[in-house]
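The following account leads the reader through one protein chain, from its overall dimensions to individual residues. Please keep the structure in view while reading.

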Amino acid sequence: MRNSYLFTSESVSEGHPDKVADQISDSIVDLFLSIDDEARIACETLCTTQLVVLAGEIRGRGIYEDGEWAPGIPERVEATVRETVKDIGYEQDGFHWEQFTFLNKLHGQSAHIAQGVDAGSNKDEGAGDQGIMFGYATDETPDLMPATLYYSHKILERMAADRHSGAAPFLEPDAKSQVTLRYEGSLPVAATAVVVSTQHAAGYDEGEKEAELHAYVRRVIADVIPHVLLRETEYHINPTGSFEIGGPDGDAGLTGRKIIVDTYGGAAPHGGGAFSGKDPTKVDRSAAYISRYLAKNIVAAGLATRCTIQLAYAIGVSKPLSLYVDTHDTGTVGDDAIEAAIMSIAKLGGLTPRSIRTHLGLNKAIYRQTAAYGHFGRRPVGDTFPWERTDLVEDLKAALG
């Protein structure tokens, strides 16, 4: 491993067009799971200038059965979409929660997919699709996340909180951040560059108002990133000069285009599958969550300082095709021993899709809040973010003897 290197991660705000799409899709997931906790959902969203379109496949009792919507559900779908956009804060000429045209093109789930996924008299519930999923954890931050992504998220979370509270009324919803850290060995020692581009009110791209915006962003960065890391930092704040037109009016948004922002900021592999808009039978989502849960608990247990997990599934097949553990030469026991320990823990049920959903409690309306500022490194409260719990530590230690 190189002793000294630079690494960069980016984040995007809840008002970024792709994140608007993700939040709409996950709001629909939450709506349908609140009606039928076994609902099947694959909801994709397109948003652009004064237009939101939903597409995908669904199935659920009291939602969509026998080729028809249940009474009142289309109206609830539209109300949910508009309320999500309102919560984000879009009341602009080019994108306004009350004024955009809404098209609902969701339709029934394919019977051929259903027959592979649903449990039957002779089979357990199968995976909702084939694919590979990764989980990752590192001791760089208290949340066991890569520091570059951790700080990128925190900058934008703070700015969004100030926008919603009125503390920074010149901010508009769309924003991006990027943090570059210099590492010595495995530890970050300096932030060499920080980039923040934020949509702003009219006039905040010149003169005293621009200076006010820049000073505000510098204060946020100083509050988020430890001072010891900011001694040699190059700042790029709204480097294009103006960012008044943004959000879906400035660039179309699509569900699932920010999968690296959603996960580990490029510090770990990604299998390619997005999370938002999918019910937890889709292993793109649920297996990625259990992989993070396993990696985090391995690091929390002191078995490694860094860990990558890979799982693989075939559509309609319940048993995972493979489990791979890599502790990057930081493990206190062999990676193969950790793999065997994971598969021996009864409560994990062999990591089948059903056992993942059951162990983590995923058939609940908990997904809207995952769709901005990362699915990982979040605080588990009540039913939310259960894959961030570290309640498997003692089981892992016991399984390893």
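Where in the chain is the place of Y373? In this predicted model, Y373 belongs to the loop between helix 10 and helix 11, the latter spanning residues 393–399. Its phi is near 70°, a positive value in a residue other than glycine. Most residues other than glycine have a negative phi. Y373 also counts as buried, since its relative accessibility is 8%, and the cut-off for that class is under 20%.

A second residue may be read alongside it. L351 lies in the loop between helix 9 (335–344) and helix 10, and its phi is near 60°, again positive in a residue other than glycine. With a relative accessible area of 1%, L351 is buried.

The helix named in both descriptions deserves attention in its own right. Helix 10 covers residues 353–360 and is mostly covered, with six of its eight residues buried. The buried positions are P353, S355, I356, R357, H359 and L360. An α-helix has 3.6 residues a turn, so residues three or four places apart point the same way. The cover over the buried residues of helix 10 includes helix 8 (283–300) and strand 14 (306–313). Just after the helix, G361 takes a positive phi of about 65°.

These details sit within a chain of eleven helices and 15 strands. Its C-alpha atoms fill a box of roughly 70 × 60 × 30 Å along the principal axes. For 401 residues, a compact globule would have a radius of gyration near 21 Å; the chain has 22 Å and therefore agrees with that expectation. Buried residues make up 54% of the 401. The accessible surface comes to about 16,200 Å², and carbon and sulfur atoms account for 49% of that area. As for charge, the chain carries 37 positive and 57 negative side chains, and the centres of the two sets lie 4 Å apart. Of the contacts between residues at least 6 apart in sequence, 72% join residues at least 24 apart.

How are the strands of the open sheet arranged? Four strands form it in the order 8-3-2-13, with mixed pairing. Strand 8 (101–108) and strand 13 (253–254) are the edge strands, each pairing on one side only. Strands of a sheet pair through backbone hydrogen bonds, either parallel or antiparallel.

The sheet can be followed from one edge to the other. Strand 8 pairs with strand 3 in the parallel sense over eight bridges, and A55 has K105 of strand 8 as its bridge partner. Strand 3 (residues 51–59) then pairs with strand 2 in the antiparallel sense over nine bridges; here I41 has I58 of strand 3 as its bridge partner. Strand 2 and strand 3 form a hairpin with two residues between them, and Q50 in the turn has a positive phi of about 50°. At the other edge, two bridges join strand 2 (residues 40–48) to strand 13, and these strands run antiparallel. L46 has L254 of strand 13 as its bridge partner.

Two further residues show how buried positions are surrounded. Q199 is found in strand 11, which spans residues 187–200. Is Q199 buried or exposed? With a relative accessible area of 0%, Q199 is buried. Leaving aside neighbours within four places in sequence, the contacts of Q199 include Y90 and Q92, residues from F170 and L171 to P173 and D174, and F243, I245 and G247. The C-alpha atoms of Q199 and F95, which are 104 residues apart along the chain, are separated by 14 Å.

W97 offers a second case, this time in a loop. W97 is placed between strand 7 (95–96) and strand 8, the latter being an edge strand of the open sheet. With a relative accessible area of 15%, W97 is buried, given that the cut-off is under 20%. Not counting residues up to four places away in sequence, W97 touches R82, V85, K86, Y90 and E91. Y90 thus appears among the contacts of Q199 and of W97. The C-alpha atoms of W97 and A295 are 198 residues apart along the chain and are separated by 39 Å.

Note on methods. Residues are numbered from 1 along each chain as its sequence is written. This is a predicted model: local features need pLDDT of at least 70, side-chain atom pairs count only at pLDDT 80 or more; totals for chains, interfaces and linings use all residues. Side-chain values use heavy atoms; hydrogens and water are left out. The radius of gyration is taken over C-alpha atoms; the globule rule is 2.2 Å times the number of residues to the power 0.38. Buried means under 20% relative accessible area, exposed over 50%, partly exposed in between (1.4 Å probe, protein chains only). Contact means heavy atoms within 4.5 Å. Accessible areas come from the Shrake-Rupley method with a 1.4 Å probe; for residues, only the protein chains shown count as cover. Lys and Arg count as positive and Asp and Glu as negative; His and the chain ends are not counted. The place of a charge is taken as NZ of Lys, CZ of Arg, CG of Asp or CD of Glu. Two strands pair if DSSP finds at least two bridges between them.
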